[in-house]
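Thank you for making time this morning. Please have the sequence and the model open side by side while I talk, and I will take you from one region to the next.

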Amino acid sequence: MSSPSASPMHPPTRVFDASAIPWEATAKPGLWLKTVRNDDRAGTFLGLVRFDASVRSGLHQHQGVATSFVVDGGLTDHHGSVRLHEAGINVRGSTHDAISYQSTVLVSRLEGPVTYPAADTISGVHAGSRLAEVRNLHPDVPPEVNVPVDALPHFPTGIPGVRRQTVFDYADTGSVHRMVQLTLLPGAAFSFEARGLTDFWVRGGAIEVDGQAATANCFVQCQAGAKVAIDCPYGALLIGWAEAREHGDGNLFGF
């Protein structure tokens, strides 16, 4: 399933309440999805991923950047563990098999397909999964970078009441994208034009996006060219991804 382009039925800015989306079983028991956007051809995904306790992802190799924020639980692979409220960053070539020793929920954004060994079975948890030879050409490179998001320094955005923590700037990945956490103080309000696909997940609090309510555990998808107005009467904490710098009064993403 591909995300729809902007149209009268699918406006350029949309809000998705993940709490209202049912969990969808994958081909592997114990792995579940709540899908906001999925394109198997491109290998792109946005939504929630759930691991039941003691479930493995299966050995796989990322062919594009994948970013995940741990909402609950944590995952462990041969590099170690990504823990509660950390972000795990996988770049092209990252090769691993992750296990959940406790029930785990991730906010995940995939930007490329994933390959599984030809003799294995595709779990269905990754968009654009393919069977192919899997060789780890860089075994000394850790399969992910784990970022303690809340411990990151805050930076001004140039917008009153909005601060940025840079989670990942996609350096050396071939993409000029950004992943950030934004803190919006009560009363913050701003607008911008998205120059590339831009996504938010409301981690806490609430915002209004073009008059649409987006409370905690809502996703906001802004297509390239969307003119977006955000009001935050009572405060909010957002995880955001941008595929290009926005046009506006400040600099939300640190491009």
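Let me begin with an open sheet of 4 strands, whose order is β11-β6-β14-β15 and whose pairing is mixed. At its edges are β11, residues 95-96, and β15, residues 129-132, each of which pairs on one side only. Within this sheet, strand β6 (residues 60-62) runs antiparallel to strand β14 (residues 114-117), and 2 bridges join them; there, Gln61 stands opposite Thr115 of β14. As for the terms, two strands pair if DSSP finds at least two bridges between them, and strands are DSSP runs of E with at least two residues, while helices are runs of H or I with at least four, numbered from the N terminus.

I should say at once that this is a predicted model, in which local features need pLDDT of at least 70 and side-chain atom pairs count only at pLDDT 80 or more, whereas totals for chains, interfaces and linings use all residues. Residues are numbered from 1 along each chain as its sequence is written, and side-chain values use heavy atoms, with hydrogens and water left out.

Let me turn to strand β13. How many of the residues of β13 are buried? The count is 8 of 8, where buried means under 20% relative accessible area, exposed means over 50%, and partly exposed lies in between, with a 1.4 Å probe and protein chains only. Thr104, Leu106, Ser108 and Leu110 are buried on one side, and Val105, Val107, Arg109 and Glu111 are buried on the other, so that both faces of β13 are covered.

β13 also has partners to consider. β4 runs antiparallel to β13 and is joined to it by 8 bridges, with Leu46 having Arg109 as its bridge partner in β13. β7 likewise pairs with β13 in the antiparallel sense, over 6 bridges, and here Phe69 stands opposite Val107.

While we are at β4, which spans residues 44-51, please find Thr44 in that strand. Thr44 is partly exposed because its relative accessible area is 23%, and its C-alpha lies 7.0 Å from that of Pro113, although the two are 69 residues apart in sequence.

Phe69 leads us to the aromatic rings, for the structure holds 5 aromatic pairs. Rings of Phe, Tyr and Trp (its six-membered ring) pair if their centres lie within 6.5 Å, and planes under 30 degrees apart count as stacked, over 60 as edge-to-face and the rest as tilted. One of these pairs joins Phe69 and Trp201, which is tilted, with 6.0 Å from centre to centre and 50 degrees between the planes. This pair links distant parts of the chain, since Phe69 is in strand β7 (residues 66-72) and Trp201 is in strand β21 (residues 198-209), 132 residues apart. Phe69 counts as buried because its relative accessibility is 1%, and Trp201 is buried too, with a relative accessible area of 4%. The rings of Phe168 and Tyr170 also form a tilted pair, because their centres are 4.8 Å apart and their planes stand at 45 degrees; both of these residues are buried. Elsewhere, ring pairs link Phe190, Phe192, Phe200 and Phe253 into a cluster.

Finally, empty space. Rolling a probe the size of a water molecule over the atoms shows where such space is left. On a 1 Å grid over the protein atoms alone, a cavity is a set of points where a 1.4 Å probe fits but cannot get out, and lining residues have an atom within 4 Å of a point. A search of the whole structure finds 1 cavity of 30 Å³ or more, and the largest cavity has a volume of about 350 Å³, a volume being the space filled by probe spheres set on grid points joined across faces, edges and corners.

Which residues lie nearest the centre of the largest cavity? They are Ser68, Leu75, Asn90, His96 and Leu106, out of 27 that line it. Among the strands that each supply at least two lining residues are β4, β7 and β13, which we have already visited. By class, the lining has 12 nonpolar, 13 polar and 2 charged residues, where Ala, Val, Leu, Ile, Met, Phe, Trp, Tyr, Cys and Pro count as nonpolar, Asp, Glu, Lys and Arg as charged, and the others, Gly among them, as polar.

Key:
1 Å grid on protein atoms, 1.4 Å probe; cavity = no way out; pocket = protein on both sides within 12 Å on 5 of 7 lines; lining within 4 Å.
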